[in-house]
Amino acid sequence: MASAVLAFWATALTPRPCAAEEFFPAELDGAALYLESTAGLEVVRCGTEACFAAGRGAPADKQYCDLEAHPDGCAYRWFGPSATLQAVGVVQGDADKPGVVADCLNGQPCIRVGRGEVQSRSLELASELGPMAGPFSLFLLVRPQAQAEGFFYFGHGGGELVQRPRGALALRVGVARPVEVAPEGTVRPGEWQLLEVHRDGRGAVRAVVDGWDRTPGRPIAAGRFSLKHLFSIGRARAMRGDVAAVALYTRRLPERQSQAVRRHLGGVYGLEFGDGSPPPKRPGVVELNRRLWLDWTFDAVERCTATARGALRAELGPDCPENAPSASAGALGGALRFDGVDDEVRSRGSRGALDQLYSFTVAAWVRTLADGRWQTVVDKRDALEDGWDLYIDPQGRGFLRVDAETLGGERVITDGRWHHLAGLFDGQSLRLYVDGVLDRGRFIGRRPPVETSREVAVGRNFAGRRDAFEGQIDEMRIYGRALDPQEIQALAAEADLAGE
């Protein structure tokens, strides 16, 4: 058998530079475990059966990793990023390791865990934390996949945090029955969420998700538990999904410190969280920045780049400045005018979360008189035409495609007026909205994540050869979640709110 080609590297186990406010979560009193995917990972690469056959006895630099499934390598150890926390790092006890995804969340890496694949095992603490009978604060930045039977985020010796099949969270301590700490629908499969569980000295538990308090009533979970396994209880009912950060404190953090942890993680991973208060009564109005992966306002053009918020640049083409979309007045501020021949906008930069979506919403303001042919609003497909896109069809109606599944709209929007067009995929259904109102929907059944590494193309199809848009496009947004109807209405109302 051919010899293996091996590579092994480890990141420096040093603290991340302090932010301007000189805050780092690992330095808080009571920090028992603090892990970020940005540092502390020991990653192994080994792609031969010989390495696999060596099993647990293989040297650390020869541990098996399925490079076809995880070309970035696999996590061998995951240390805390400060000297005081190195001793309570995380190791994988089996020959096969959780996979590493280098560009997973807004340009940052993550660890992919689960079951049913070669890289199927959960993470195990090098030194058991517990038994803990007093207060604690736990933070998990995760993107779980849906599992019919539910799974464990952690557990050992009578301490388990359980995600139930319909998105509820339950905490079990000792031999008592699990106590529901967050109701059904709290945890949404396929979306990145920051889950927090806080327990005080009397056993009262508070669950916070994405910075919003989701605790039903006043749950009590008093008693002693130990924390040995992460994302399973010894591989039983293991979590499937991605993990970016874990933090555990052996005290209940005051709210100001919890907010500081949220701000830090939000800054590192490009997310926004609430302030720990109960969720607003109208989340569609105030949470329009949650999981907003692409936000191109097109308000101005400078050096062949249109105004864009976030990591992805909006570059004009195909030959700027001679041949490219031009600036014009828009539905909100400025917009881009496309000539219907070859004008386009392409994304540049780290796409990260956009390359694998379990659910999404794409929305934009459009204005056109052209009909009788296909027009690209936004296209993110590859050469095999896997991925998704949003078009206007030859009859002047919206058209949404996810892989081979399609949905055509009913309302004609090629009347020369501004219209807000939105396409949505929630993991099992397609929906089209025009001006905030549902146009058409179609159930297609539960599907795997929509994957494509192609750049985002606006105004012309993914191959850049046809279906050019003629007219104006403004306020292009892509969310890594399915917006609810109230949120779609809020987006469509923004032009009215702006006085346009």
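In strand E37, Ile473 has Val366 standing opposite. Val366 belongs to strand E27 (residues 360-367), which runs antiparallel to E37 and is joined to it by six bridges. Here strands (E, at least two residues) and helices (H or I, at least four) are DSSP runs numbered from the N terminus, and two strands pair if DSSP finds at least two bridges between them. The model is a predicted one, in which local features need pLDDT of at least 70 and side-chain atom pairs count only at pLDDT 80 or more, while totals for chains, interfaces and linings use all residues. Residues are numbered from 1 along each chain as its sequence is written, and side-chain values use heavy atoms, with hydrogens and water left out.

Strand E37 is a helpful place to begin a tour of the pairing. Strand E24 (residues 334-339) pairs with E37 in the antiparallel sense over four bridges, and Arg337 has Gln472 of E37 as its bridge partner. Strand E19 (residues 292-296) also pairs with E37 over four bridges, again in the antiparallel sense; in this pairing Asp295 stands opposite Arg477. Strand E37 itself spans residues 470-479 and is mostly covered, with nine of its 10 residues buried. Buried means under 20% relative accessible area, exposed means over 50%, and partly exposed lies in between (1.4 Å probe, protein chains only).

An open sheet of nine strands comes next, and its order is E20-E21-E22-E25-E36-E28-E29-E30-E31, with antiparallel pairing. Its edge strands are E20 (301-302) and E31 (405-412), each of which pairs on one side only. Strands of a sheet pair through backbone hydrogen bonds, either parallel or antiparallel. Within this sheet, strand E29 (residues 387-392) and strand E30 (residues 397-402) are paired in the antiparallel sense over five bridges, and Trp388 has Val402 in E30 as its bridge partner. A charge–ring contact can be added to the picture: Arg401 lies over the face of Tyr391, 5.9 Å from the ring centre. Such a contact requires NZ of Lys or CZ of Arg within 6 Å of the ring centre and within 35 degrees of the ring normal.

Turning to charged pairs, the structure holds 31 salt bridges, each defined as a side-chain nitrogen of Lys or Arg within 4 Å of a carboxyl oxygen of Asp or Glu. One of them joins the side chains of Arg143 and Asp242, at 2.7 Å from N to O. This pair links distant parts of the chain, as Arg143 is in strand E9 (residues 136-144) and Asp242 is in strand E18 (residues 241-249), 99 residues apart. Both Arg143 and Asp242 are buried. Another salt bridge connects Arg381 with Asp379, whose closest N and O atoms are 2.9 Å apart, and Arg381 and Asp379 are buried as well.

A further salt bridge is formed by Asp435 and Arg411, with 3.0 Å between the closest N and O atoms. This one also links distant parts of the chain: Asp435 sits in the loop between strand E33 (429-434) and strand E34 (437-443), and Arg411 in strand E31, 24 residues away. Asp435 has 26% relative accessibility and therefore counts as partly exposed; Arg411, with a relative accessible area of 35%, is partly exposed too. Elsewhere, a network of salt bridges links Glu196, Arg206, Asp213, Glu255 and Arg262.

Aromatic contacts complete the side-chain survey, with 11 aromatic pairs in the structure. The rings of Phe136 and Phe225 have centres 5.4 Å apart and planes at 80°, so this pair is edge-to-face. Rings of Phe, Tyr and Trp (its six-membered ring) pair if their centres lie within 6.5 Å, with planes under 30 degrees apart counted as stacked, over 60 as edge-to-face and the rest as tilted. Phe136 lies in strand E9 and Phe225 in strand E17 (residues 225-230), 89 residues apart, so the pair links distant parts of the chain. Both rings belong to buried residues, and Phe136, Phe154 and Phe225 form one aromatic cluster.

Helix H4 (residues 485-492) closes the account; its buried residues are Glu487, Ile488, Ala490, Leu491 and Ala492. Asp484 caps the N-terminal end of H4, with a side-chain oxygen 3.1 Å from the backbone nitrogen of Gln486.

Methods: A polar contact is a pair of N or O atoms within 3.5 Å; within protein, one must be able to donate a hydrogen and the other to accept it, and residues adjacent in sequence count only if both atoms are side-chain atoms.
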